[in-house]
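Trainee: Could you walk me through this one? I'd like to know what stands behind the terms.
Mentor: Sure, let's have a look.
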Amino acid sequence: MIRKFITRVSKALGRRKPLSHEPAIIPHQQHGVRREHLSGAARRVCGALQEKGYKAFVVGGAVRDLLIGEHPKDYDIATDATPEQVRSVFRRARIIGRRFQIVHVMMGAETLEVTTFRGALAHDAKKDEHGRVLHDNVFGSQAEDAARRDFTVNALYYDPASETIVDYHHGVADLKQKTLRMIGEPRARYREDPVRMLRAVRLAAKLGLSIDPEAARPIREMAPLLENVPAARLFDEMLKLLTSGHAVNCLRQLRDAGLHHGLLPLLDVILEQPLGERFVMLALDNTDRRVRAGKSISPGFLFATLLWHEVLAQWERIKQNGERPIPALFIAMDEVLDTQAEKLAITRRVAADIKDIWALQPRFEARAGRKPYALLEHQRFRAGYDFLLLRAESGEIAKEVADWWTRFSEAEGEDRAALLIPETGEKKKRRRRRKPAGPRGDAPAAE
Ligand code: ATP
Ligand code: MG
């Protein structure tokens, strides 16, 4: 026991050894990444900057992904040229001023993010009352830029000209050992930017790394700091997490780390209902498989699944209070989205997609007359139908309903008509009274 403790302490001390400012320059014979592995645009952007005498490297996630044989999602370039200088090198480039000034360079179909090396964080950098850094756009050296990055595996610089990797923080070794290690003191780094806690979980899940205990330990206690992060940034990060192709694993780890509470305020409640948990996990598993197969996924569909069981609960409550089913559903939808909007800046477009999918659900109940035909023609039929399949698979509704819609949508002509469930005489009479003009004027059930 004591021996174990001593080993642990000495290991921790060993890690804290001050890192020399001289980076390791690792040749391709050792790391294996060739310039042909980069996208053409990444090579061209680095080349153009270097031709003008600037330094330029591929940095961050792309280098990390290439090292483990993954296909980079996008490319970030780091340079010693200022944003203005970068812009002047390219025909299609614009400076975007977010928290840090970045230049978007459009090259063919690709957009690359080019950032100027960032300087060390000034002592008087503007922070909020919890220590979150609000502004910093000071330029600096490559070494300072490396120290400002979050994890050692994200602080690797690849030079396409020499095919070497510049490694200031033993990132290549950490990646080999499958460790996600924070650069600097984890508590201080989380305080500066609490989103790093989410990044830790996401990157660990996505890359199959384990979070170094020193970086993992403070997360539970510091999780509440996420409440001060602007909603739009949380939404971006959640979206990255949920569309990483490893959402199920990420969510499990978020729960283990106690991080899910502030993010989707209702998610913990949902995950505690067996049916809700099953539904969410099925949906995420589905999404993961789509992402890994290189298919597109829609944020609207994703959030619609995450929040559906909350809608169901509110819908039920409002109906119990005497409201009619369809108006009750619409009230429930607005309530759920409003609650979420406070924490997650769900954009208006995504919110509209979510509502479309939810509003279609009661319409799948109609399997007689012309209504099923009208639903097939609906612009969002496919999304609504996919959602229906998940509901059936999770046990929320009868499988038979989903199977019927599968058969109905696949059949044609008379075969399709034969599937319709005969209307009862009573219903027919009511319909005729309501719409003397004939069956064409079907009003959608959910409007
Ligand atoms: P992926 O693109 O696969 O999601 P990534 O690591 O490339 O992962 P980006 O958000 O594209 O993530 O960031 C690019 C790089 O910028 C990171 O690799 C890291 O070096 C740095 N970075 C991003 N976010 C932070 C942060 N919150 N704190 C410090 N450095 C960061
Ligand atoms: Mg990236």
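Mentor: What follows is a short chat about the ligand and the core. This is a predicted model, where local features need pLDDT of at least 70, side-chain atom pairs count only at pLDDT 80 or more, and totals for chains, interfaces and linings use all residues. Residues are numbered from 1 along each chain as its sequence is written, ligands are numbered from 1 in the order in which they are written, and side-chain values use heavy atoms, without hydrogens and water.
Trainee: What makes the contact between lysine 206 and ligand 1 a polar one?
Mentor: A polar contact is a pair of N or O atoms within 3.5 Å. A polar side-chain atom of lysine 206 is 2.6 Å from an oxygen of ligand 1, so the pair fits the definition. Arginine 149 has a side-chain N or O atom 2.9 Å from a ligand 1 oxygen.
Trainee: How much of ligand 1 does the protein bury?
Mentor: The protein buries 86% of the 590 Å² that ligand 1 exposes when taken alone, by the Shrake-Rupley method with a 1.4 Å probe.
Trainee: Which classes make up the shell around ligand 1?
Mentor: There are 14 charged residues (Asp, Glu, Lys and Arg count as such), three polar and no nonpolar ones. Helix H9 gives the largest share, four residues.
Trainee: And where does the largest nonpolar core lie?
Mentor: That core has 70 residues, buried (under 20% relative accessible area, 1.4 Å probe, protein chains only) and joined through side-chain atoms within 4.5 Å. Domain 1 (19–191) and domain 2 (230–422) both contribute residues, so the core lies between them.

Note on methods
Polar contact = N/O pair within 3.5 Å; in protein donor to acceptor, adjacent residues only side chain to side chain. Helix = DSSP H or I, 4+ residues; strand = E, 2+ residues; numbered from the N terminus. Buried < 20%, exposed > 50% of the residue type's maximum accessible area, 1.4 Å probe, protein only. Domains from an automatic or database assignment.
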